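Welcome! Let us look at how some helices pack here, and at how the terms are used.

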Amino acid sequence: MAGGAQRFDAIILGAGGAGLMCAAVAAQRGRRVLILDHAPEPGRKILISGGGRCNFTNLGTAPDRYLSANPHFARSALARYTPRDFLDLVEKHGIAWHEKTLGQLFCDGSARQIVAMLMGECEVGGATIACGAPIRSVDHADGRFRVSAGEHEAEAPSLVIATGGPSIPKLGATGFAYDLARQFGLKVVEPRPALVPLTLGGDEALFRELSGVATPVEARCGKAAFREAALFTHKGMSGPAILQVSSYWRHGQAVAIDFLPEAGSGWLREAKRQRPKARLATLLGEHLPGRLADTLAEKIGVAGDLANAPDKVLAAAEERLSGWPFQPNGTEGFAKAEVTVGGISTAELSSQTMEARRVPGLYAIGEAVDVTGWLGGYNFQWAWASGVAAAQAL
């Protein structure tokens with residue numbers, strides 16, 4: 001193949017956020033860069049994110065908001081390329097943005113602006129982007145990587161894996177990154193769906209009747225706790241609070257929901273003294289959607305006026321409402337997962353450069369790596385930061 005192969009300094013597989021960022025920075029450092037992607041257009045996940053407005057970073061970015069077998073791995077890259085650095089780029093391109101809750105930054109206009117910005121930065125450096133080029137083979141010999149993709153035959157001393165994880169397969173997502181990593185002898189931490197709705201079965205199926213009902217809660221799983229909205233669905237539970245804890249959830253674990261996170265200890269017993277003729281469903285209905293209030297009151301089984309309920313019973317009701325246990329029987333899978341937990345093991349990579357320790361010239365960045373952020377722009381910030389870290393080493 002070498003005869004007709006085009007020569008580059010680096011070949012980047014995947015034209016998503018991490019790949020485009022890496023290509024832009026490396027090309028502007030004078031590297032000859034080729035990006036290959038099987039999808040017909042670049043940045044497909046960027047385009048659908050944030051309801052089409054792209055939640056492109058989070059001002060609260062910190063290493064403790066990422067899941068990884070090595071919780072310290074992301075620290076170096078995140079420290080060297082911050083949300084402010086990306087925001088400077090956004091503002092340089094004249095893209096209007098706004099902050100939503102919890103430090104989440106979105107485009108005022110369209111996610112297409114972010115893709116156009118990254119493409120523009122690639123163009124400045126003269127990077128070559130080839131979409132609609134499914135990868136047929138990747139070989140490595142004599143210190144060079146050789147790639148056949150679509151009509152392209154190319155070789156380079158550096159190869160960057162930026163093909164993401166298997167979440168959202170309808171966009172063309174696959175586990176290709178893991179296959180390639182294994183081809184080169186790299187370990188892969190078992191991938192599983194993250195930021196994904198949870199499913200309920202059995203006795204808890206009655207909550208499906210509440211499909212479409214949402215309310216602010218605190219959701220807990222293990223040591224992780226998130227105070228945001230939860231949404232009941234016809235399959236189980238979703239909403240930001242549930243998506244967040246889903247990244248930590250494992251089969252067999254319970255998820256606890258505090259339906260009244262603002263309520264102080266003893267609130268129900270205090271209500272009995274203040275409003276003895278009130279009923280539990282009425283009180284709950286003042287803080288929760290009516291259908292949910294009725295269902296919870298019915299399940300708790302405190303009937304009649306509060307005056308007739310012993311304090312012991314009300315204390316038990318308070319406890320249940322502050323830690324209602326749900327036993328999910330699964331998730332809605334990679335089809336509905338926003339990202340993937342797991343991936344190419346961080347033990348195989350340098351946290352400074354993202355280069356594989358045992359295969360010089362091979363890099364892995366973005367979602368392909370076992371680093372997964374919380375909901376709210378954290379995964380994009382990892383894509384930008386890991387992409388820059390690799391680009392500065394190419």
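Q: What makes H8 and H11 a contact?
A: Contact means heavy atoms within 4.5 Å, and Trp-267, Leu-268, Arg-269, Lys-272 and Arg-273 in H8 meet Asp-311, Leu-314, Ala-315, Ala-317, Glu-318 and Leu-321 in H11. These residues divide into six nonpolar, no polar and five charged. Asp, Glu, Lys and Arg count as charged, Ala, Val, Leu, Ile, Met, Phe, Trp, Tyr, Cys and Pro as nonpolar, and the others, Gly among them, as polar.

Q: How far can this be relied on, and how are residues numbered?
A: This is a predicted model, in which local features need pLDDT of at least 70 and side-chain atom pairs count only at pLDDT 80 or more, while totals for chains, interfaces and linings use all residues. Residues are numbered from 1 along each chain as its sequence is written, and side-chain values use heavy atoms, leaving out hydrogens and water.

Q: Why are H8 and H11 called oblique?
A: Helix H8 (residues 267-274) and helix H11 (residues 311-322) pack at about 135°, with axes 8 Å apart. Angles under 35 degrees count as roughly parallel, over 145 as roughly antiparallel, 65 to 115 as roughly perpendicular and the rest as oblique. The two helices are therefore oblique to each other.

Q: Why does the word oblique also go with H10 and H11?
A: The axes of helix H10 (residues 290-300) and H11 cross at roughly 130° and come within 11 Å, so H10 and H11 are oblique to each other. Leu-296, Lys-299 and Ile-300 of H10 make the contact with Ala-317, Arg-320 and Leu-321 of H11.

Methods: Axes fitted to C-alpha atoms, helices over the stretch in contact; angles between N-to-C directions. Helix = DSSP H or I, 4+ residues; strand = E, 2+ residues; numbered from the N terminus.
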